[in-house]
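Got a fold in front of you and wondering how its labels were earned? Let's go through them one by one.

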Amino acid sequence: MSEPEYLTDSDARLLCPECGRASTRVDQVFVTAREEDAPANEIIVDAIGGDVVTHGRGQAPVDPSVGEGRRHRVALVGRCEEQHRFALVLTQVDGETRLGWSPELSYDGAEVDLDDPPW
Ligand SMILES: [Zn+2]
C-alpha cells in the first residue's frame, strides 16, 4: 500500500486504498512542519471538531517508500464506509513531492483510535 496504485475514480472521488470504494471521508490533517533537518513541529487539524494541536507529542503518518524525509510532510487521514482507515501522505524529498499511502496509522508509537484520538 506504499505506492498509490490509484487515487480517484473518473469522477475525481478519492478511493479507499484498501477496498477501492469511493465512499471516503478525510477527518484529520497532519503536518510535520520543518526546514531541512530541523526539529519538527507536529501539527494536527481535526476537520470535524475544529481542534488544532501544535507541537504534538507524536509523528505524522509516514510513507514507508520514502521515509520521514528531511523536510516537511502532510498527511490526510480518513476512513471509508467499510471503516478502513488510510493516510495519504505527501513528503518533500529532494525538491519533489512524493505521494504515497501509509500502511498503518500510529501516533507516538501507538495505534490511533480516531474515535478517541491521543493528541
Ligand atoms: Zn475501504
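Q: What makes a residue count as buried here, and what percentage of the protein's residues are buried?
A: The model is predicted, and the test is having 20 or more other C-beta atoms within 10 Å of the residue's own. Buried residues come to 22% of the 119 in the protein.

Q: Why is the set with F30 and W101 called a nonpolar core?
A: The label needs buried residues of the listed nonpolar types, joined through C-beta atoms within 7 Å. The largest such set has 11 residues, among them F30, I44, V62, L88 and W101, so it earns the name. Two elements, β4 (73–80) and β5 (85–93), each give two or more residues to this core, and β5 has the largest share, with 4.

Q: How do you know which residues L88 is in contact with?
A: Contact means C-beta atoms within 7 Å. Skip the neighbours within four places in sequence, and L88 is in contact with A75, L76 and W101.

Q: What makes β1 and β2 a pair?
A: Pairing takes at least two bridges. β1 (residues 24–33) and β2 (residues 41–46) are joined by 6 bridges, so they pair, and they run antiparallel. One of the bridges puts V31 opposite I43 of β2.

Q: Why are β3 and β6 called edge strands?
A: The open sheet has 6 strands in the order β3-β2-β1-β4-β5-β6, paired antiparallel. β3 (52–53) and β6 (96–102) each have a single partner strand, so one side of each lacks a neighbour in the sheet.

Methods: Residues are numbered from 1 along each chain as its sequence is written. This is a predicted model: local features need pLDDT of at least 70, side-chain atom pairs count only at pLDDT 80 or more; totals for chains, interfaces and linings use all residues. A residue is buried if 20 or more other C-beta atoms lie within 10 Å of its own, exposed if 12 or fewer, and partly exposed in between; C-beta atoms are placed from the backbone. Two residues are in contact if their C-beta atoms, placed from the backbone, lie within 7 Å.
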